[in-house]
Amino acid sequence: MSAFSDAVNRQIGYEFAAAQQYIAIAVYYDSETLPELAGHFYRQALEERNHAMMIVQYLLDSDETVVIPGVEAPQTSFSDPVAPVALALAQEKRVTDQIVELVKLAREDGELVGEQFLHWFLQEQREEVASMTELLAVVERGRDNLLHVEEYLARQSGGESPLEVGAPPAAGGAL
Ligand SMILES: [Fe+2]
Ligand SMILES: [Fe+2]
């Protein structure tokens with residue numbers, strides 16, 4: 001396997017780990033009776049799962065070996081309701097760095113098809129870091145009355161983002 005394909009395979013694990021972390025955050029908010037925050041992170045978890053399956057489809061299309069990895073257990077307990085969003089933002093920034101490294105590797109190795117595939121992920125990360133930064137500000141402002149956060153999220157829902165329309169195909173279909 002080329003160094004690039006190897007690195008792309010590792011990203012499958014990072015995306016599944018992100019999905020598991022978001023499920024853990026969603027369950028935490030669900031247990032705190034904050035259904036909008038829970039719903040937001042259940043949806044984010046599905047998006048991360050779909051990212052993993054888009055990478056699987058890319059490797060299948062490239063006739064490369066696909067390795068589905070195990071993932072580390074996510075963090076499941078949090079000091080307060082702001083902490084999960086701070087963790088989520090740190091995770092999105094880390095994933096952005098990972099995708100940037102993959103793009104650099106694609107360039108070095110002349111993997112231009114792979115680089116083009118990754119461009120959607122760069123756009124997606126820009127959007128996800130921006131929206132998580134916004135959510136962190138909202139949660140920090142509303143930490144004394146989280147119903148304000150719930151109302152904010154309830155007003156936000158609906159509408160497909162243009163990024164979803166242009167997303168790469170996911171193995172088995174996106175959920
Ligand atoms: Fe992702
Ligand atoms: Fe993400």
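Buried, as used in these legends for a predicted model, means a relative accessible area under 20%.

**View 1. Glu48 and Glu15, two buried residues of the predicted model.** With a relative accessibility of 1%, Glu48 falls under the 20% limit and therefore counts as buried. Glu15 is likewise buried, its relative accessible area being 0%.

**View 2. The protein donors of the iron ion (ligand 1).** The iron ion (ligand 1) takes its protein donors from Glu15 through OE, from Glu48 through OE and from His51 through ND1, and these lie 2.1 Å from the ion. Along the sequence, the donor residues of this ion follow the spacing E-x32-E-x2-H. Because Glu15 belongs to helix 1 (residues 3-31) while Glu48 belongs to helix 2 (residues 35-61), the pair ties together parts that stand 33 residues apart in sequence.

**View 3. The two iron ions and the residue they share.** A distance of 3.5 Å separates the iron ion (ligand 1) from the iron ion (ligand 2), and Glu48 coordinates both of them.

**View 4. The second largest pocket and its lining.** This pocket holds about 250 Å³ of space, and 14 residues line it, with Ala17, Ala18, Gln21, Gln91 and Arg94 lying nearest its centre. At least two lining residues come from each of helix 1 and helix 3 (83-108), and helix 3 gives the most, contributing five residues. By residue class, the lining of the second largest pocket comprises eight nonpolar, four polar and two charged residues.

Methods: Residues numbered from 1 in each chain as written. Chains lettered and ligands numbered in written order. Predicted model: local features only at pLDDT ≥ 70, side-chain atom pairs only at ≥ 80, totals over all residues. Heavy atoms only, no water. Donors = N, O, S within 2.8 Å, 3.2 Å for Na, K, Ca; no water. Helix = DSSP H or I, 4+ residues; strand = E, 2+ residues; numbered from the N terminus. Buried < 20%, exposed > 50% of the residue type's maximum accessible area, 1.4 Å probe, protein only. 1 Å grid on protein atoms, 1.4 Å probe; cavity = no way out; pocket = protein on both sides within 12 Å on 5 of 7 lines; lining within 4 Å. Points joined across faces, edges and corners; volume = space filled by probe spheres on them. Nonpolar A, V, L, I, M, F, W, Y, C, P; charged D, E, K, R; others polar.
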